[in-house]
Amino acid sequence: MAAAQKKTPIADGWIAAWNSHDAEKVVAIFTTDVLFEDVTFSAVNHGSAELHKFAASIFEAVPDAKFELVSSSVDRGHGNIEWIFSGTDHGLYKTGKRFSVRGVSAIDLRSGKISRELDYYDAASIMRQVGLLPCEKTDSAK
């Protein structure tokens, strides 16, 4: 993969904002009329105030939340940010256990800010890691 596809300024800003654990910094990279949807949990947020509340809830649920950039691509105002989200579950399922999940954000940009974001990741993977679902059996374990 070409280096230009791996990192984009918007992805770097996105990672820094979420890793700051500051809802104000998260909101600052989005347009004021943003549509932000966590598709996995059916959480739809319209505008800065709703996004601020959502970001604050993530930081409360996973106080040690960390996002790692895997790759990103932006072309003509549309793109994606592939990431790994890890941390300790204090409020998602209240297990106190660590998890790590891969995901992707499909984004639209306007005037250098994200105007629309749809996040996709596997909640079952998180649930297996925190002990709420049985681990998947591997071919050798079947």
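## A lined cavity, a mixed sheet and a tryptophan pair

By class, twelve nonpolar residues, two charged ones and no polar ones make up the lining of the largest cavity. The model you are looking at is predicted, so please read every value here as computed from it.

### The cavity

One cavity of 30 Å³ or more is counted, and the largest cavity has a volume of about 150 Å³. The lining comprises 14 residues, and those closest to the cavity centre are Asp38, Ile58, Phe67, Phe85 and Asp119. Which elements give two or more residues to the lining of the largest cavity? They are helix H2 (9-19), helix H4 (47-61), strand E1 (30-38), strand E4 (78-88) and strand E6 (113-121).

### Aromatic pairs

Phe67 is a good residue to follow from the cavity into the aromatic pairs. The structure holds 14 aromatic pairs, and two of them can be traced through tryptophan 18. In one, the ring centres of tryptophan 14 and tryptophan 18 lie 6.2 Å apart with the planes at 55 degrees, so this pair is tilted. Tryptophan 14 and tryptophan 18 are four residues apart in helix H2, which means that about one helical turn separates them. Both tryptophan 14 and tryptophan 18 are buried.

In the other, tryptophan 18 meets phenylalanine 67: the ring centres are 5.7 Å apart and the planes are at 45 degrees, so this pair is tilted as well. Here distant parts of the chain are linked, since tryptophan 18 belongs to helix H2 and phenylalanine 67 to strand E3 (residues 66-75), 49 residues apart. Are the two partners buried or exposed? Tryptophan 18 has a relative accessible area of 3% and is therefore buried. Phenylalanine 67 also counts as buried, because its relative accessibility is 7%, and the cut-off for buried is under 20%.

### The sheet

Six strands form an open sheet in the order E2-E1-E6-E5-E4-E3, and the pairing is mixed. Strand E2 (43-46) and E3 are the edge strands, each pairing on one side only. From one strand to the next, the twist averages 15 degrees.

E1 shows both senses of pairing. With E6, E1 pairs in the parallel sense over five bridges, and phenylalanine 30 has isoleucine 114 in E6 as its bridge partner. With E2, E1 pairs in the antiparallel sense over four bridges; there, aspartate 38 stands opposite alanine 43 in E2. Aspartate 38 is also one of the residues closest to the centre of the largest cavity.

### Positive phi values

Three residues with a positive phi are worth finding in the structure, and each has its own place in the chain.

| Residue | Phi | Place |
|---|---|---|
| Serine 42 | near 55 degrees | hairpin of E1 and E2 |
| Lysine 94 | near 60 degrees | loop between E4 and strand E5 (98-110) |
| Serine 111 | about 55 degrees | loop between E5 and E6 |

The hairpin that holds serine 42 has four residues between its strands. How accessible are the other two, lysine 94 and serine 111? Lysine 94 is exposed, because its relative accessible area is 65%. Serine 111 is exposed too, with a relative accessible area of 76%. For both, the cut-off that applies is over 50%. Neither residue is a glycine: lysine 94 takes its positive value in a residue other than glycine, and serine 111 has a positive phi although it is not a glycine.

Technical notes:
Residues are numbered from 1 along each chain as its sequence is written. This is a predicted model: local features need pLDDT of at least 70, side-chain atom pairs count only at pLDDT 80 or more; totals for chains, interfaces and linings use all residues. Side-chain values use heavy atoms; hydrogens and water are left out. On a 1 Å grid over the protein atoms alone, a cavity is a set of points where a 1.4 Å probe fits but cannot get out, and a pocket is an open set with protein on both sides within 12 Å along at least five of seven lines; lining residues have an atom within 4 Å of a point. Grid points are joined across faces, edges and corners, and a volume is the space filled by probe spheres set on the points. Ala, Val, Leu, Ile, Met, Phe, Trp, Tyr, Cys and Pro count as nonpolar, Asp, Glu, Lys and Arg as charged, and the others, Gly among them, as polar. Rings of Phe, Tyr and Trp (its six-membered ring) pair if their centres lie within 6.5 Å; planes under 30 degrees apart count as stacked, over 60 as edge-to-face and the rest as tilted. Buried means under 20% relative accessible area, exposed over 50%, partly exposed in between (1.4 Å probe, protein chains only). Two strands pair if DSSP finds at least two bridges between them. Axes are lines fitted to C-alpha atoms, for helices over the stretch in contact, and angles run from 0 to 180 degrees between N-to-C directions.
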